[in-house]
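Me: I have a model open and I'd like to practise reading it feature by feature. Could you take me through it?

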Amino acid sequence: MSVTVEKRVDGPGATEYADEAWELKERIRRREGVLKQRKRFFMDAYRRATTHLLYLDTDLVGFATVRRDGYILFLAVAPERRGEGFGRRLVAEVAEEHRTVTCHARATNDPALSFYESIGFEIKRRIESYYEDDGDAYYLRLGPDERLRDRLSELIRR
């Protein structure tokens with residue numbers, strides 16, 4: 001049985017895949033208590049940014065929504081598909097288009113922090129009460145290290 005990974009993109013102003021992205025985000029929120037954004041906030045941010053989506057056959061397995069400045073607003077990978085390289089591939093897509101990539105991660109979200117650090121993000125600072133529920137966040141940055149960018153770019157070509 002052949003499995004096809006397909007990349008799709010919703011550019012600024014496009015929302016063709018927004019509902020599917022929202023549903024994946026909500027599934028993760030219910031299961032893990034992260035990605036707690038309200039629908040209006042999510043849809044507004046999605047509409048203003050570029051979203052890279054990965055589909056395994058017809059199923060959305062992950063997406064990254066990124067602003068023009070390289071800031072990742074949302075990064076989500078279906079829990080049952082983690083560890084298969086989809087998150088790395090999504091970050092690589094973003095890194096292909098931006099010299100610097102940044103994001104925030106909930107300070108208590110150890111799996112996310114481990115993931116980001118494993119691909120070269122550095123914690124730049126902790127921000128208290130960053131989230132609406134007063135949760136703290138770390139601000140992370142993936143710099144212009146060319147070797148790292150090349151390594152991530154390899155993931156796109158696979």
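**Reading the fold**

Reply: Sure. This is a predicted model, and a good place to begin is the order of its elements: along the sequence they run β-α-α-β-β-β-α-β-α-β-β-α. That makes five helices and seven strands.

Me: How many residues does the protein have, and what share of them counts as buried?

Reply: The protein has 158 residues, and 49% of them count as buried. For the outside, look at the surface: about 8,800 Å² is exposed, with carbon and sulfur atoms supplying 43% of that area. It also helps to look at contact range. Taking contacts with a separation of 6 or more, 62% are between residues 24 or more positions apart.

Me: Now the sheet. In what order do the strands lie?

Reply: Start with the pairing and read from one side to the other. The sheet is open, has seven strands with mixed pairing, and goes E1-E2-E3-E4-E5-E7-E6. Strand E1 (5-10) and E6 are the edge strands; each has a single partner, so one side of each has no neighbour in the sheet. On average, neighbouring strands are turned by 25 degrees against each other, ignoring direction.

Me: Can you pick one strand pair and go down to residues?

Reply: Try E3 (residues 59-66) and E4 (residues 71-77). These two run antiparallel and are joined by five bridges. For one residue pair, look at Thr65, whose bridge partner in E4 is Phe74.

Me: Which strands does H2 lie across?

Reply: H2 lies across E1, strand E2 (50-56), E3 and E4. Relative to E4, the helix runs at about 115 degrees.

Me: What should I look for in a helix?

Reply: Begin with the general geometry: an α-helix has 3.6 residues a turn, so residues three or four places apart point the same way. Then check length and cover. Helix H3 (residues 86-97) has 12 residues and spans 17 Å from first to last C-alpha, close to the 16 Å expected at 1.5 Å a residue.

Me: Is H3 mostly covered or mostly open?

Reply: Mostly covered, with nine of its 12 residues buried. The buried set is Phe86, Gly87, Arg89, Leu90, Val91, Ala92, Glu93, Val94 and Ala95. Notice that Arg89 and Glu93 are in that list too.

Me: On to charges. How many salt bridges does the structure hold?

Reply: There are 14 salt bridges in the structure. With any of them, I'd ask where the partners sit in the chain and how exposed each one is. Take Lys36 and Asp133, whose closest N and O atoms are 2.9 Å apart. That pair links distant parts of the chain, 97 residues apart: Lys36 is in the loop between helix H1 (18-32) and helix H2 (39-48), and Asp133 is in the loop between strand E6 (122-127) and strand E7 (137-142). Lys36 has 40% relative accessibility, so it counts as partly exposed. Asp133, at 38%, is partly exposed as well.

Me: Which other residue meets Asp133 in a salt bridge?

Reply: Arg106, with an N to O distance of 3.2 Å. This pair also links distant parts of the chain, with Arg106 in strand E5 (residues 101-106), 27 residues from Asp133. Arg106 is at 13% relative accessible area, so it is buried.

Me: Any further charged groups to look at?

Reply: Two. Asp69 and Arg67 form a salt bridge, their closest N and O atoms being 2.8 Å apart, and Arg67 is partly exposed at 37%. Then there is a network of salt bridges linking Lys25, Glu26 and Arg29.

Me: Last topic, backbone angles. What is the general idea with phi?

Reply: Most residues other than glycine have a negative phi. So the positive ones are worth finding. Asp57 has a positive phi of about 55 degrees although it is not a glycine; it sits in the loop between E2 and E3. Its relative accessible area is 36%, so Asp57 is partly exposed.

Me: Where does Asp134 lie, and what is its phi?

Reply: Asp134 lies in the loop between E6 and E7, and its phi is near 70 degrees, again a positive value in a residue other than glycine. Its relative accessible area is 54%, so Asp134 is exposed.

Definitions and conventions: Residues are numbered from 1 along each chain as its sequence is written. This is a predicted model: local features need pLDDT of at least 70, side-chain atom pairs count only at pLDDT 80 or more; totals for chains, interfaces and linings use all residues. Side-chain values use heavy atoms; hydrogens and water are left out. Helices (H or I, at least four residues) and strands (E, at least two) are DSSP runs, numbered from the N terminus. Buried means under 20% relative accessible area, exposed over 50%, partly exposed in between (1.4 Å probe, protein chains only). Contact means heavy atoms within 4.5 Å. Accessible areas come from the Shrake-Rupley method with a 1.4 Å probe; for residues, only the protein chains shown count as cover. A salt bridge is a side-chain nitrogen of Lys or Arg within 4 Å of a carboxyl oxygen of Asp or Glu. The expected span of a helix is 1.5 Å times one less than its number of residues. Two strands pair if DSSP finds at least two bridges between them. Axes are lines fitted to C-alpha atoms, for helices over the stretch in contact, and angles run from 0 to 180 degrees between N-to-C directions.
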